[in-house]
Amino acid sequence: MNRLNDEGLGALPAEVARPAYNRHDLKIGIVHMGIGAFMRAHMAAATEAALNAGDLRWGIAGVSLRRPDTRDALAPQDGLYTLAIRDADEHGQPRQRLQVIGAVRSLLVAPENPQSVLDAIAAEDTRIVSLTVTEKGYCHDPATGALRLDHPDIVHDLAHPQAPRSAIGMLVYGLKQRHALGHGPLTLMSLDNLPANGHVLRAAVLRFSEEVDSKLCSWIERECRFPCSMVDRIVPKTTDGDRAAVSQALGCTDAWPVLGEPFFDWAIEDDFAADRPDWTLGGARFVPDAEPFERLKLRMVNGTHSSLAYLGAMAGWQTVDHAIGQAPLREHIEALMRDEIEPTLPALPGLDLAAYRNNLLARYANPALAHRTQQIAMDGSQKLPQRLLGTVRDRLAKGLPVPRMALGLAAWMHYLRGVDELGQTYRIDDPHATELTALYQRSLGQGYTLDAVHAMLAYAPVFGDLAGNAQLAAALLPALQSLHTQGVAATLVAMRGTESLLI
Ligand code: CS2
C-alpha cells in the first residue's frame, strides 16, 4: 500500500473528507506543544475548519516534548493524518467517519533540537502557542497550583537556557528570543484538563520568567494573553488494529491516525494578543469566562471518568463501555452526578443538567471507542484534585455527605495496591508512583483501618488541606473496607439507595 501523503490526496475514496485548501500556501500561525492524539482530534480539527474556509494563516507546527514517534510517523505523510470519528449506527453496529487533516505543517522534536522550538515560538508569523502537555507538564504542585522551582525539569531549565526540556522553560526562552527580535506578544493557550488552565499557565510562565529576566517578565505580564478554556472530546489511544482498519478504509497507509467520539465541545475565552482563527467554524464557542464551563466539565466528565476508571480497572472491566454496561456501576455514576456533583455546579444559562448527564452516559456507552479504563487511571495524583476533590471540598464545607465521591477516591487508593480482582498486576503510571506505592504499603497495605486512611489523606500533593478531615475519613473507611473484602461489584450493589442529598 502507498503511504498517505499530499500527492495521493486526490485518490482517496470519495467519502473521506480532506483539505479543501492548498497546503503549500499555509503559514505557521500556531505552535503546539505536546502534539499527541488529543490535540490532533480536537484543536487541529477545529483549526482545519478555519483553513477550509480560506484563512491560511493558521497552519500548525507540532512539537513533541519527548519522543520522536509522531514526527517519524507523520513526516513521511507530509504531516497528514486521519481523524476517525466513531460511534454506533441505529443497530448498535460500530461505524466510522474519516477526515484527513492537513493543518499540521511542520513537526519538531524538542530533545533533538530545542533551539528549533524556541525559533518557532519567536517566528514573526506565530501568534498562538497552545499546549496539551497533560497535568504534570506544568511542573506545578497540583494541590496549590504554584510552579515547583524544585522540580527537576525546572531546575534543569533555569541552568540550561539553550536546551530547556520543560514546556514552561521552552515558552519562556522562546518568548525571550521573540521579545529581543521585537516580534510582538503571543497568546499562550492551555488546553489541558486543569481548572483555570490559563491562569495556571500564566502563573508558571511568569514565575519562571521572573527568575530569568525581570524586564521579560513584565513584558509577558503586560502584553501576552493566557485565555482559559474547557475542552471536551473523548480520544482513546490508537491501537495497531485501529491503524490497520483506517488504512484499509483509506486505501493507503496512515501510520498515525487518531480516534474520537462525535461529541465535541470547546469553550474558550476570547482574549487573544494578536488575532486567532475562527474556531467557531469547527464547533468551538468564544465565552467571556470559561470557569463555569471548566467546572462543569472537570467535575461531571473527568470526575466520573476517573471514578469509573478506578472501579472498572479493579473489577477487571477493561473498557469504559463495558464498565458502564454493568447496571450497578451505571446507577452509581448516574447518582454520583445527580446527587453529589450537580448540586455543586453554578447555573449556566441554557444548560439542562439532566440532559447533559444522560448525554454523558450515552457517550460512555459508545461501543466503537474501546476506551481503556487503565488509560484514564494513569496520573491519578495529578487528576484527583480538580476532578474529585473540588466537589468533595464544596460538599464538606456545607456539611453534606459524600458517600459516592468517597467511593471513587477509595477506589484510587485501593488501586495503588497494583493488582486487580482477577489477580492481574499492573504498573501504577503516575509521576508520584514510587512515593504512592510506598505510602500504600505502609498504610492500607498493613490493614484497612482509620489510621491507614488518615495516613493516605496526609499525602499533601494530592489532598492538601483535607489532611486530618474526620468527615472525609469516615466516608472513605467503609468504602475502602468494602472494596477490600467484598470487591467492586458487591460494593456497588450495596450502594443502591444510598442517600447523598440529605445529611
Ligand atoms: C480522561 C480524559 O484520560 C482521561 O483522564 O478523563 O482524557 C477525557 O476523555 C477527556 O477530558 C474528555 O474530554
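**Exercise 1.** Which helix and which strand each supply at least two residues of the lining of the largest cavity?

*Solution.* Keep in mind that this is a predicted model. Start with the residues around the cavity: Asp-192, Asn-193, Leu-194, Asn-197, Ser-229, Met-230, Val-231, Glu-294, Lys-297 and Leu-298. Now match them to the elements. The strand β8 covers 229-232, and the lining includes Ser-229, Met-230 and Val-231. The helix α10 spans 291-315, and Glu-294, Lys-297 and Leu-298 are among the lining residues. That gives us β8 and α10.

**Exercise 2.** Work out why the largest cavity lies between domain 1 and domain 2.

*Solution.* First, grab the bounds: domain 1 runs over 6-287 and domain 2 over 291-502. Next, look back at the lining, where you'll find Asp-192 as well as Glu-294. Both domains give residues to this lining, so the cavity sits between them.

**Exercise 3.** Describe the largest cavity by its volume and by the kinds of residue that line it.

*Solution.* The volume comes to about 50 Å³. Then sort the lining: four residues are nonpolar, three are polar and three are charged.

**Exercise 4.** Do the same for the second largest cavity: give its volume, its lining and the kinds of residue there.

*Solution.* Its volume is about 40 Å³. Around it you'll find Ile-234, His-305, Val-320, Asp-321, Arg-363, Tyr-364, Asn-366, Leu-369 and His-371. Two elements, α11 (320-324) and α13 (353-364), give two or more residues each to this lining. Sorting the residues yields four nonpolar, three polar and two charged.

How values were computed
Residues numbered from 1 in each chain as written. Predicted model: local features only at pLDDT ≥ 70, side-chain atom pairs only at ≥ 80, totals over all residues. Heavy atoms only, no water. 1 Å grid on protein atoms, 1.4 Å probe; cavity = no way out; pocket = protein on both sides within 12 Å on 5 of 7 lines; lining within 4 Å. Points joined across faces, edges and corners; volume = space filled by probe spheres on them. Helix = DSSP H or I, 4+ residues; strand = E, 2+ residues; numbered from the N terminus. Nonpolar A, V, L, I, M, F, W, Y, C, P; charged D, E, K, R; others polar. Domains from an automatic or database assignment.
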